[in-house]
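Dear colleague,

Please find below the structure for your consideration. My notes on what was found in it follow directly after.

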Amino acid sequence: MIATLKEDMRVVFERDPAVRSVLEIIFCYPGFHAVLFYRLGHGLWRRNFFFLARFVSHLGRFFTGIEIHPGAKIGRGFFIDHGMGVVIGETAEIGENCTLYHGVTLGGTSWAKEKRHPTLGNNVVVGSGAKILGPFTVGDNSKIGSNSVVVKEVPPNSTVVGVPGRIVMTEGMKNEERTDLEHGKLPDPEAKAISCLFDQLRSLERKVQALTEAKAEGAATTPPVATGTGD
């Protein structure tokens with residue numbers, strides 16, 4: 001237990017530059033508190049104390065604003081930054097060294113008692129407000145941009161942005177030492193598409209202008225055609 005607590009604190013120090021002391025983590029980090037509530041609730045859930053597990057989960061939600069179902073499976077090195085509004089469903093699975101920002105939902109799309117929540121691989125980062133909905137896998141080392149809505153499988157080493165989520169980068173994030181999500185550097189596929197359309201319009205305008213000028217020059221150099229009759 002002590003080793004697990006130390007690892008959870010180490011993760012906070014690694015991924016949040018604002019932290020200054022262990023006391024600050026213990027008393028002021030709701031993400032850290034939510035993980036503690038989850039560990040207790042998950043232990044009860046595995047021992048079939050379902051009501052107690054849900055009650056502990058509810059207490060964790062009340063105190064932290066983060067709802068983690070005790071049936072979810074979460075690996076080592078898990079970190080929730082800020083945390084308010086995070087929801088993790090019953091059949092969700094989270095790999096090692098994953099990071100979630102506030103407002104993230106790992107939700108389901110079915111009412112059936114089956115696997116209905118997403119599976120996150122190792123080293124996945126999910127930006128604030130993102131929604132990952134459905135029983136599919138987000139591959140290792142992938143990143144989900146803020147406010148994205150992901151509804152289908154994401155291959156490893158990918159970056160996803162938009163509504164619905166679109167893969168805008170793949171295989172470019174292997175072997176990264178940090179798990180940051182540089183929100184300001186994420187590509188915008190819609191803006192890129194609009195920019196391409198503007199480039200094509202400007203090219204067409206130049207061609208039309210060139211044709212118009214050529215036609216005007218040709219008309220100016222063409223001698224007038226005689227229409228009268230001579231004696």
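In this predicted model, helix α1 passes helix α3 in a right-handed crossing. The axes of α1 (residues 2-15) and α3 (residues 30-46) come within 11 Å and cross at roughly 150°. That angle makes α1 roughly antiparallel to α3, because angles over 145 degrees are counted as such. On the α1 side the contact is formed by Thr4, Leu5, Asp8 and Met9, which meet Phe32, Val35, Leu36 and Arg39 in α3. By character, the residues of this contact divide into 5 nonpolar, 1 polar and 2 charged.

Turning to the interior, the largest nonpolar core has 28 residues. Those with the most contacts inside this core are Phe78, Ile88, Leu100, Leu106, Leu120, Val126 and Ile132. Helix α3 gives the most to this core, with 3 residues. A second, separate core consists of 8 residues, including Met9, Val11, Val19 and Ile25.

Ile132 may merit your attention when you inspect the model. Leaving aside neighbours within four places in sequence, Ile132 is in contact with Thr105, Leu106, Gly107, Pro118, Leu120, Val126, Val138, Ile144 and Val150.

Finally, helix α3 also contains Trp45. With a relative accessible area of 19%, Trp45 counts as buried, because the cut-off is under 20%. Beyond its neighbours within four places in sequence, Trp45 is in contact with Phe50, Ala53, Arg54, His69, Pro70, Gly71 and Glu90. Gly71 lies 26 residues from Trp45 along the chain, yet their C-alpha atoms are separated by 6.4 Å.

With kind regards

Definitions and conventions: Residues numbered from 1 in each chain as written. Predicted model: local features only at pLDDT ≥ 70, side-chain atom pairs only at ≥ 80, totals over all residues. Heavy atoms only, no water. Axes fitted to C-alpha atoms, helices over the stretch in contact; angles between N-to-C directions. Helix = DSSP H or I, 4+ residues; strand = E, 2+ residues; numbered from the N terminus. Parallel < 35°, antiparallel > 145°, perpendicular 65-115°, else oblique. Left-handed = near helix turned anticlockwise from the far one by under 90°. Contact = heavy atoms within 4.5 Å. Nonpolar A, V, L, I, M, F, W, Y, C, P; charged D, E, K, R; others polar. Core = buried A, V, L, I, M, F, W, Y, C linked by side-chain atoms within 4.5 Å. Buried < 20%, exposed > 50% of the residue type's maximum accessible area, 1.4 Å probe, protein only.
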